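Colleague: I'm new to reading structures, and I'd love a close look at one thing: the salt bridges. Please take me through them slowly, and show me the surroundings as you go.

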Amino acid sequence: MNTPAIEVHGLRKSYGDKIVLDGVNLTVAAGTVTALLGPNGAGKTTTVHILSTLLRPDGGTAFVNGCDVVRDPGGVRLGIGLTGQFSAVDKLLTGEENLLLMARLRHLGAKRSKTRVAELLEQFDLVEAARKPLATYSGGMQRRLDLAMTLVATPSVIFLDEPTTGLDPRSRHTMWDIVRDLVAEGTTVLLTTQHLEEADELADRIAVLDGGRIVADGTPDELKRLLPGGHIRLRFADTAALDAASRLLDESARDSTGLALTVSSDGGVGTLRTVLDRLDAAGLEVEDLSIHTPDLDDVFFALTGKKDQSDGVDTKGTES
Amino acid sequence: MTTVTDQRLTATRISRQSHVVADSITMLRRNLLHIVRYPGLSMFTILGPVVILLLVVFVFGGTLGAGLPGVDPAGGRGAYLAYVMPGILLITIAGTASGAAITVAMDMTEGITARFRTMAISRAAVLAGHVIGNTIQAIIAVALVLGVGLLVGFRPTARPVEWLASAGLIVLIAFAVSWIGVAMGMQSKTVETASNLPLILTLLPMLGSGFVPTESMPAGLQWFAQYQPFTPFIESIRGLLLGTPLGWNPMLGIGWCVVIAVAGYAWSMAIYERKSVR
């Protein structure tokens, strides 16, 4: 049996009273892409930082390529690459100098360094900008350079921490293509993202992280089955109507400040009709109605708001 | 199983050790490139001592020089220039430590340093790159400040051997002080702290025999001045360049260099290790 590229058990980390990771379990098979999906503060970056030896966990175990991140950080470092949220480039050097710096630190040798750097500049569409200072680079170019620097020595496991945050749609698609190429070459990728769409595009498996725990873990299709059609949002004129409707529709979540009620729905006309009929029968007037197709909010609504519904997938992280 | 792991660990350790020198050179090259491309900070470390030199010689020099033991009051300014020059050179070195601290503190907040930590690079190499880079910068700074000194009339009596010995000692002191500067930069959480902490070093030549003979100080201060490292540094350079009695000062100075370098190395390594696995 193959050793998983990444194996994490009961990972814990806290800063003072604030618990960031509360027993995270995660396994990533070699050569696959796993997306760590979660909102800000869910612990995605912390997890990646522990796996890339930047942080020491408080408890639990984590292995990358079979090396313990605490006992053998050197072994881990030999086989990984990290492209983080915050650009890890030397802003005082040019793009080419940055890549050469990495090539030297990876001990590629003078000749191979040169060809590898030329190759990467070509692949990441940075040839023209190669000798220009980084101050002249756009956000997308810096991100591409950042990833190119990670790839200088072709690491077997790559961590991408929100690789497309802050990029325009075109740059984002370029980044996605790059990730797909990497995987085609057999690289294991663990990427974090806040966007379901991105996870859906790239990942073989998605692990949903919330409040320092993996609340669900499965293939994109398995997760999508959890949220068949998103939700209906109903807005009312006053609190009285909102209260009444809230009592009437028991599977709903209320947003008191917006005087709104959210009801999960399978997207079909049937559910919509049922909801409206029940409100009508009770004589409640709806100010405004909108139908939402599934997004990350719905994933959390389904997975964290109502845990009893998440039995369909492999629910992890509940044991401490 | 354990033996296999041990062997692999040993193998990685060996392969890592053999790269320390290569990685240090790579890091040094990066730091030198920064200095060449953005010389602002380096200029500042040279400008400071030059201003102090001109100030103490031309503004205070006449009176201060006349007060030196065995000096004819009429030739006070020239005598004071000769007396103060070694101290100014030491202030120059101490000043570059503050440059090193700022550079390191800035670098530690950059994403690139986080990247270095995720790579199999020797920790010592990252630090050595900064230290050697700063030592080179300090040597250039000392040479330029000395040049200004010669321009305004500093006339050393040293022979080639003594010049060589002075140069060697300057390199050694610059290397040792750079380690302290790098450690201070690592210690500082902000760049502001990093620029303030090394000011202590710049004060030391003044609290030693750099500007006035230690005998003229109050008892407590005199005791401190006599036993702090900058006094043997200054006395050695003074002796080598101007032929004043050397005594044990060169030995003491070299000893202090070793102590300071080792302390700075241990200090910065400890912090780097703590910062890399928080």
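Modeller: Happy to! A salt bridge here is a side-chain nitrogen of Lys or Arg within 4 Å of a carboxyl oxygen of Asp or Glu. Two notes on reading what follows. This is a predicted model, in which local features need pLDDT of at least 70 and side-chain atom pairs count only at pLDDT 80 or more, while totals for chains, interfaces and linings use all residues; side-chain values use heavy atoms, with hydrogens and water left out. Residues are numbered from 1 along each chain as its sequence is written, and chains are lettered from A and ligands numbered from 1 in the order in which they are written.

The idea itself is simple: side chains of opposite charge can pair when their charged atoms come close. Searching the whole structure gives 20 salt bridges over all chains.

Let's begin with R131(A) and E96(A), whose side chains meet in a salt bridge at 2.6 Å, N to O. R131(A) is in the loop between α4 (110–123) and α5 of chain A, while E96(A) is in helix α3, so this pair ties together parts 35 residues apart in sequence. (Helices, H or I and at least four residues, and strands, E and at least two, are DSSP runs numbered from the N terminus.) R131(A) is exposed, with a relative accessible area of 66%; buried means under 20%, exposed over 50%, and partly exposed in between, using a 1.4 Å probe and protein chains only.

A second pair joins E197(A) and R172(A), with the closest N and O atoms 3.7 Å apart. This pair links distant parts of the chain, 25 residues apart: E197(A) sits in helix α7 (residues 196–202) and R172(A) in helix α6 of chain A. Both count as partly exposed, E197(A) at 46% relative accessibility and R172(A) at 22%.

Helix α6(A) is worth a pause. With β7(A) and β8(A), helix α6 (residues 169–184) makes a right-handed β-α-β unit; right-handed means that, with the strands pointing away from the viewer, the path from the first strand over the helix to the second runs clockwise. Strands β7 (residues 157–161) and β8 of chain A run parallel and are joined by 5 bridges (two strands pair if DSSP finds at least two bridges between them). Opposite L190(A) in β8(A) stands F159(A). On its other pairing, β8(A) meets strand β3 (residues 33–37) of chain A, also in the parallel sense, over 5 bridges. Strand β8 (residues 188–193) is mostly covered, with 6 of its 6 residues buried.

A third pair is D243(A) with R254(A), at 2.7 Å from N to O. Helix α9 (residues 239–248) holds D243(A) and strand β12 (residues 252–255) holds R254(A), so the pair ties together parts of chain A that are 11 residues apart in sequence. Both are partly exposed: D243(A) has a relative accessible area of 28%, and R254(A) is at 37% relative accessibility. There is also a small network, where salt bridges that share partners join R12(A), D22(A) and R213(A).

R12(A) leads us to a sheet, as its bridge partner in β4(A) is G59(A). Strands β1 (residues 6–15) and β4 (residues 59–64) of chain A run antiparallel, joined by 5 bridges. The sheet is open, with 4 strands of chain A in the order β2-β1-β4-β5 and antiparallel pairing. At its edges stand β2 (18–28) and β5 (67–68), each with a single partner strand, so one side of each has no neighbour in the sheet.

Finally, let's look between the chains. The contact, meaning heavy atoms within 4.5 Å, takes 33 residues from chain A and 30 residues from chain B. Across this interface the rule finds 4 salt bridges. One of the salt bridges in the model pairs R30(B) with D90(A), the closest N and O atoms being 2.5 Å apart. On the side of chain A that touches chain B, the elements giving two or more residues are α2 (73–78), β6 (80–83), α3 (95–105) and α5 (139–150). Helix α3(A) gives the most, with 6 residues. That brings us back to where we began, since E96(A) of our opening pair lies in helix α3.
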